[in-house]
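Here is my note on the model you sent. The points run from the overall layout to single residues, so keep the structure open while you read.

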Amino acid sequence: MSTSINTQAYQQHLNLDAEARTYISRQARMFESMLPELLTKYSGQWVWFENHQVLDADLSYQALLTRVKKSVGEQIVLIKKVEPTISHS
């Protein structure tokens, strides 16, 4: 399985400090490992994901981002859209 790279998100990832990059990478691996399960409940939605759980979800990225910022401010978090990945085998 592979995923497409969002150039803007990737650039932001490069600008993070080492600790933040490690955190985001770890959360992204957990997200990918749970993708089949997430697809059954959150397909097509944006989720705030941390440590094997969805903390919040919404069809609107902006609505979710607003709630996350109210909750944690400018803290680094993983927000990702739940959608099937495309395999390039």
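1. Helices and strands here are DSSP runs, a helix having at least four residues and a strand at least two, and they are numbered from the N terminus. With that in hand, the order of elements along the sequence reads α-α-α-β-β-α-β. That makes 4 helices and 3 strands in the protein. Please keep in mind that this is a predicted model.

2. Some totals come next. The protein has 89 residues, of which 26% count as buried. About 6,200 Å² is exposed, and carbon and sulfur atoms supply 51% of that area. Take the contacts between residues at least 6 apart in sequence: 49% of them join residues at least 24 apart.

3. Which residues make up the largest nonpolar core? There are 12 of them: Y23, I24, M30, F31, M34, L35, L38, Y42, V47, F49, L78 and V82. Two or more residues each come from α2 (18-33), α3 (35-42) and β1 (46-50). The most, 4 residues, come from α2. A second core, separate from this one, has 6 residues, including W48, L64, V68 and I79.

4. M30, a member of the largest core, is worth selecting in the viewer. Which residues does M30 contact once its neighbours within four places in sequence are left aside? The answer is F49, N51 and H52. Of these, F49 is also listed in the largest core, while N51 is in the turn of the hairpin described in the next point.

5. Strand β1 pairs with β2 (residues 53-58), and the sense is antiparallel, over 5 bridges. E50 stands opposite Q53, which belongs to β2. The two strands form a hairpin, with 2 residues between them. In the turn, N51 has a positive phi of about 50 degrees.

6. S25 is a residue of helix α2. Is S25 buried, exposed or partly exposed? Its relative accessible area is 28%, so S25 is partly exposed; the class runs between the buried limit of under 20% and the exposed limit of over 50%. S25 and L78 are 53 residues apart in sequence, yet their C-alpha atoms are 9.3 Å apart in space. L78 itself belongs to the largest nonpolar core.

Conventions
Residues numbered from 1 in each chain as written. Predicted model: local features only at pLDDT ≥ 70, side-chain atom pairs only at ≥ 80, totals over all residues. Heavy atoms only, no water. Core = buried A, V, L, I, M, F, W, Y, C linked by side-chain atoms within 4.5 Å. Buried < 20%, exposed > 50% of the residue type's maximum accessible area, 1.4 Å probe, protein only. Contact = heavy atoms within 4.5 Å. Areas by Shrake-Rupley, 256 points an atom, 1.4 Å probe, with all protein chains shown as cover. Pairing = 2+ DSSP bridges.
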